[in-house]
Protein chains: 2
Amino acid sequence: MAGVSQSSVSRAYTPGASVSPQMAEKVRQAADHLGYRPNVLARSLITGTSRIIGLVVGHFENHFHPSALELLSRELKKNGYHILVFLAPNEESDTEEIVADLLDYQVDGLIAASVAMTVPLASRCRAEGIPAILFNRHQGEDGPTSVASDNFDGARRVAHFLVAGGHQRIAHISGWRGSSTGREREDGFRAGLQDFDVALATCADGRYSRSAAAEACRSIFARGCPAPDAIFVGGDHMAFAVIDTLKSELGIRVPEDVSVVGFDDVPLAAWPSYSLTTMRQPLERMVEATVGKLLEAIDQRNTPPVHLRFPCSLMLRGSARLPEDRRHHE
Amino acid sequence: MAGVSQSSVSRAYTPGASVSPQMAEKVRQAADHLGYRPNVLARSLITGTSRIIGLVVGHFENHFHPSALELLSRELKKNGYHILVFLAPNEESDTEEIVADLLDYQVDGLIAASVAMTVPLASRCRAEGIPAILFNRHQGEDGPTSVASDNFDGARRVAHFLVAGGHQRIAHISGWRGSSTGREREDGFRAGLQDFDVALATCADGRYSRSAAAEACRSIFARGCPAPDAIFVGGDHMAFAVIDTLKSELGIRVPEDVSVVGFDDVPLAAWPSYSLTTMRQPLERMVEATVGKLLEAIDQRNTPPVHLRFPCSLMLRGSARLPEDRRHHE
DNA sequence: ATGAAAGCGCTAACAG
DNA sequence: CTGTTAGCGCTTTCAT
């Protein structure tokens with residue numbers, strides 16, 4: 001090569017190694033000349049660390065997911081990690097096979113975003129010493145470390161907001177009840193209504209899909225009167241479908257005839273055409289916490305599972321009548 | 001382990017290897033018991049193939065990109081490959097450093113989606129024998145293999161459609177002119193107008209961003225009359241911003257006062273709130289071709305670069321006056 | 001059909 | 001500070 005030993009080359013590429021500046025320079029020169037770069041995979045074999053984080057995600061239709069991927073990727077990159085993507089067939093499928101696949105790649109860590117991890121899988125990760133984090137989901141106190149927003153509290157505050165806005169017949173189109181996020185939002189919403197002794201008019205499962213949410217919306221307004229004057233939808237992505245169905249198909253005005261409130265605050269919610277009032281999940285903070293916890297777990301094994309919750313904030317926009325509007329109308 | 005040699009284990013996991021059924025069974029049993037799975041990285045070291053494809057992408061704000069990622073990932077997975085994600089700081093930045101990083105991971109192939117590759121980089125990929133494909137971009141006949149839609153022809157047909165619709169003062173808000181896609185759409189649109197001896201009223205650069213497109217829209221309508229009665233926007237993502245600006249800020253009706261036509265056909269374009277008439281890029285076919293070409297190049301080295309173009313199709317929706325509407329108004 | 005041995009490209013002790 | 005040696009977990013000739 002350039003008349004030096006293999007180890008010197010290695011040291012030239014190891015940040016804190018004891019190597020003279022001239023040696024390092026000599027190596028880099030020769031490397032540039034030959035187009036040489038260290039083989040990360042071979043390095044992984046010996047160090048046992050691949051600098052790859054596996055990300056399991058359901059689909060990208062809901063813009064919350066690509067946003068999360070983008071932020072996670074940037075945050076991880078700062079720390080020298082990259083994301084290997086694994087798409088689950090769908091949100092409901094168990095991720096058994098997929099994560100087994102992931103493990104083969106010797107990922108240093110694993111983020112399950114908006115998908116569930118089977119119990120045997122979680123224990124296998126722990127057995128192999130691969131830190132796993134549930135993002136935007138959780139699986140009980142005994143489950144893997146999780147990072148999410150406070151869905152229960154957020155949904156409860158939506159209920160308070162709607163009641164304060166003078167709404168009488170309040171409906172809910174939930175996310176999939178098979179998901180912790182969907183359940184917590186529904187439960188929180190019911191609790192919030194309870195706080196004011198208001199009954200939930202109707203409740204239907206939107207399954208996090210546009211078509212299911214639209215169908216739920218139709219059925220809510222089809223079944224005999226009285227029609228609701230407010231709908232809380234357990235996710236922005238579904239809320240858009242509800243607004244579309246209301247306005248274009250049913251000829252119902254938003255918010256004059258019915259208020260619609262979402263959950264997530266994806267970018268589209270702020271665009272004027274929807275102007276969706278929604279409970280914002282603090283994505284940045286969730287991402288930071290996820291990456292922080294993950295790297296911590298990679299550094300020092302055997303960190304006990306923790307369950308982080310971040311508070312949501314209500315974004316007041318045009319799709320729901322405000323409390324002030326009430327007096328206005330009276 | 002289970003009383004067999006290392007090689008036999010290897011063979012048990014190699015599809016076409018000469019191994020007796022009983023041996024294979026014995027190995028799998030022991031493996032299941034021990035929770036053993038082959039180490040993909042170690043395999044890569046010897047086989048020289050990692051089954052990882054690097055994907056470079058700018059950002060996910062424009063929903064075309066996550067859609068592409070999702071389809072690419074699914075298509076690659078069918079063939080046993082996975083995607084390692086690399087986010088470029090922005091669409092305009094050169095990808096030099098990023099792809100160098102990618103190369104370190106010994107990816108089997110490389111897809112640059114909607115970002116440019118510097119020339120030295122492209123040649124380095126070729127030198128290292130790593131197939132690279134430009135997705136939704138191209139860099140001339142001598143550049144790397146590229147897969148895209150026929151942007152020029154598509155934009156030209158948008159011009160014909162607008163002229164046929166009886167529009168008199170036609171404006172264009174282009175994608176970034178530094179991108180082949182942006183240039184081709186602008187050039188094609190100009191050519192299409194030329195075909196009917198119609199002059200382009202105004203043209204502004206939307207730089208593929210919401211804010212730049214909104215600003216371009218404002219300036220087009222601010223500068224002295226006459227205001228355009230049609231705008232072709234070089235990407236759906238920008239078209240939504242234009243429609244928002246028109247309706248919410250400028251109080252201009254779409255399509256009564258001005259027709260808006262986009263390019264891409266992202267899912268949102270079909271939602272009733274925008275109902276965007278747009279030139280559809282055949283994403284599925286582009287993805288199939290990309291993966292097909294990439295795997296072909298991985299199998300047999302030294303495939304000559306090709307440049308695939310797929311035809312677009314106009315999606316007629318509500319944001320632009322139709323040719324029929326013209327008679328109607330007369 | 002199976003085992004033994006060599007080596008992929010690198011890092012991590014250990015000498016010097 | 002630098003070179004030597006061993007070995008990460010696998011696949012692959014080459015024998016048997």
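L246(A) touches C217(A), F221(A), I231(A), G251(A), I252(A), V254(A), V258(A) and V260(A), leaving aside residues up to four places away in sequence; contact here means heavy atoms within 4.5 Å. Together with L246(B), L246(A) touches the most other members of the largest nonpolar core, which has 112 residues. Such a core is a set of buried Ala, Val, Leu, Ile, Met, Phe, Trp, Tyr and Cys residues joined through side-chain atoms within 4.5 Å, where buried means under 20% relative accessible area, with a 1.4 Å probe and protein chains only. A second, separate core has 44 residues, among them I52(A), L102(A), A88(B) and L134(B).

The model is predicted: local features need pLDDT of at least 70 and side-chain atom pairs count only at pLDDT 80 or more, while totals for chains, interfaces and linings use all residues. Residues are numbered from 1 along each chain as its sequence is written, chains are lettered from A in the order in which they are written, and side-chain values use heavy atoms, without hydrogens and water.

Chains A and B each give 50 residues to their contact. They bury about 4500 Å² between them, 60% of it on carbon and sulfur atoms; buried area is the accessible area (1.4 Å probe) that two parts lose on being put together, summed over both. L41(B), Y105(B) and W271(B) supply 16% of the area that chain B buries against chain A, more than any other three residues.

DNA strand C is surrounded by 23 residues, counted when one of their heavy atoms lies within 4 Å. The closest are S10(A), Y36(A), N39(A), S8(B) and R11(B). Around DNA strand D there are 22 residues, of which S7(A), S8(A), R11(A), Q6(B) and R43(B) come nearest. Sugar or phosphate accounts for 59% of the atoms of strand C within 4 Å of the protein, and for 56% of those of strand D.

The table gives polar contacts, pairs of N or O atoms within 3.5 Å.

| Protein side chain | DNA atom | Distance |
|---|---|---|
| Q6(A) | base oxygen, strand C | 3.1 Å |
| Y36(A) | phosphate oxygen, strand C | 2.8 Å |
| S7(B) | base nitrogen, strand C | 3.0 Å |
| R11(A) | base nitrogen, strand D | 2.7 Å |
| R43(B) | phosphate oxygen, strand D | 2.7 Å |

The largest share of the surface near strand C, five residues, comes from α3(A), and that of the surface near strand D, also five residues, from α3(B). These helices are DSSP runs (H or I, at least four residues), numbered from the N terminus.

Note on methods: Polar contact = N/O pair within 3.5 Å; in protein donor to acceptor, adjacent residues only side chain to side chain. Helix = DSSP H or I, 4+ residues; strand = E, 2+ residues; numbered from the N terminus. Buried < 20%, exposed > 50% of the residue type's maximum accessible area, 1.4 Å probe, protein only.
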